[in-house]
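Please open the model in a viewer and keep the sequence at hand. The tour below proposes a series of selections and states what each one shows.

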Amino acid sequence: MFDKVKQLMEMQKKMQEMKRQLENTVFDISSSDGLVKITMNGAQEVKEVNIQGNIQETEKPNLEKAIKDAYNKAIKHSHEIAAEKMKNNTGLNLPGLI
């Protein structure tokens, strides 16, 4: 039983380290049309949103679509990063868990 407790404590340490790694992993994702760029970390915190070009020339629906597109891409990418870190740190391959 002591071995199981020790394994759980080690797993908890690995998970905390993975969380710190995710928080420190920052990436940029752009919308398909290049209008919006979102900077996000692996913990899915949006750090920055940049709108490329002149907003006055952009129609509101196009801008809304570009923001949604870039945000969804950023969330998907953060999931991929988290899954890879989980696999590397724990040896577990659990797609969709994070």
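**The sheet**

Begin with the three strands, which make up an open sheet in the order S1-S2-S3 with antiparallel pairing. This is a predicted model. At the edges are S1 and strand S3 (46-51), each of which pairs on one side only. From one strand to the next, the twist averages 15°. As background, the strands of a sheet pair through backbone hydrogen bonds, in either a parallel or an antiparallel arrangement.

**The S2-S3 hairpin**

Select S2 and S3 next. Five bridges link S2 and S3 in the antiparallel sense. Two positions help to follow the register: Val36 stands opposite Ile51 in S3, and Lys37 stands opposite Asn50 in S3. S2 and S3 form a hairpin, with four residues between them. Within the turn, please locate Gln44, whose phi is positive at about 65°.

**Helix H2 against the sheet**

Now display H2 together with the strands. H2 packs on the sheet and touches S1, S2 and S3. The direction of H2 makes about 30° with that of S2.

**The nonpolar core**

Which residues of the largest nonpolar core touch the most other members? Select Leu22, Phe27, Leu35, Val36, Ile38, Met40 and Ala74, which have this role among the 16 residues of the core. Helix H1 (2-24), S1, S2 and helix H2 (60-90) each supply at least two residues of the core. H2 gives the largest share, eight residues.

Val36 merits a selection of its own. Leaving aside neighbours within four places in sequence, Val36 is in contact with Ile29, Ser30, Ser31, Val49, Asn50, Leu63, Ala66, Ile67 and Ala70.

**Ser31**

From Val36, move to Ser31, one of its contacts. Ser31 is in the loop between strand S1 (26-30) and strand S2 (36-41). Is Ser31 buried or exposed? Its relative accessible area is 4%, which is under the 20% limit, so Ser31 counts as buried. The side chain of Ser31 makes a polar contact of 2.6 Å with the side chain of Asp33. Beyond neighbours within four places in sequence, Ser31 is in contact with Val36, Ala66, Asp69, Ala70 and Lys73.

**The salt bridges**

How many salt bridges does a search of the whole structure find? The search finds two. In general, side chains of opposite charge can pair when their charged atoms come close.

For one of these salt bridges, select Glu17 and Arg20, whose closest N and O atoms are 3.1 Å apart. Both residues lie in helix H1, three residues apart, about one turn of the helix. Glu17 has a relative accessibility of 33% and therefore counts as partly exposed. Arg20, at 42% relative accessibility, also counts as partly exposed.

Finish at Glu45 and Lys47, whose side chains meet in a salt bridge with an N to O distance of 3.4 Å. Why does Glu45 count as partly exposed? Its relative accessibility is 37%, and partly exposed residues fall between the 20% limit for buried and the 50% limit for exposed.

Conventions:
Residues are numbered from 1 along each chain as its sequence is written. This is a predicted model: local features need pLDDT of at least 70, side-chain atom pairs count only at pLDDT 80 or more; totals for chains, interfaces and linings use all residues. Side-chain values use heavy atoms; hydrogens and water are left out. Buried means under 20% relative accessible area, exposed over 50%, partly exposed in between (1.4 Å probe, protein chains only). A polar contact is a pair of N or O atoms within 3.5 Å; within protein, one must be able to donate a hydrogen and the other to accept it, and residues adjacent in sequence count only if both atoms are side-chain atoms. Contact means heavy atoms within 4.5 Å. A nonpolar core is a set of buried Ala, Val, Leu, Ile, Met, Phe, Trp, Tyr and Cys residues joined through side-chain atoms within 4.5 Å. Two strands pair if DSSP finds at least two bridges between them. Axes are lines fitted to C-alpha atoms, for helices over the stretch in contact, and angles run from 0 to 180 degrees between N-to-C directions. A salt bridge is a side-chain nitrogen of Lys or Arg within 4 Å of a carboxyl oxygen of Asp or Glu.
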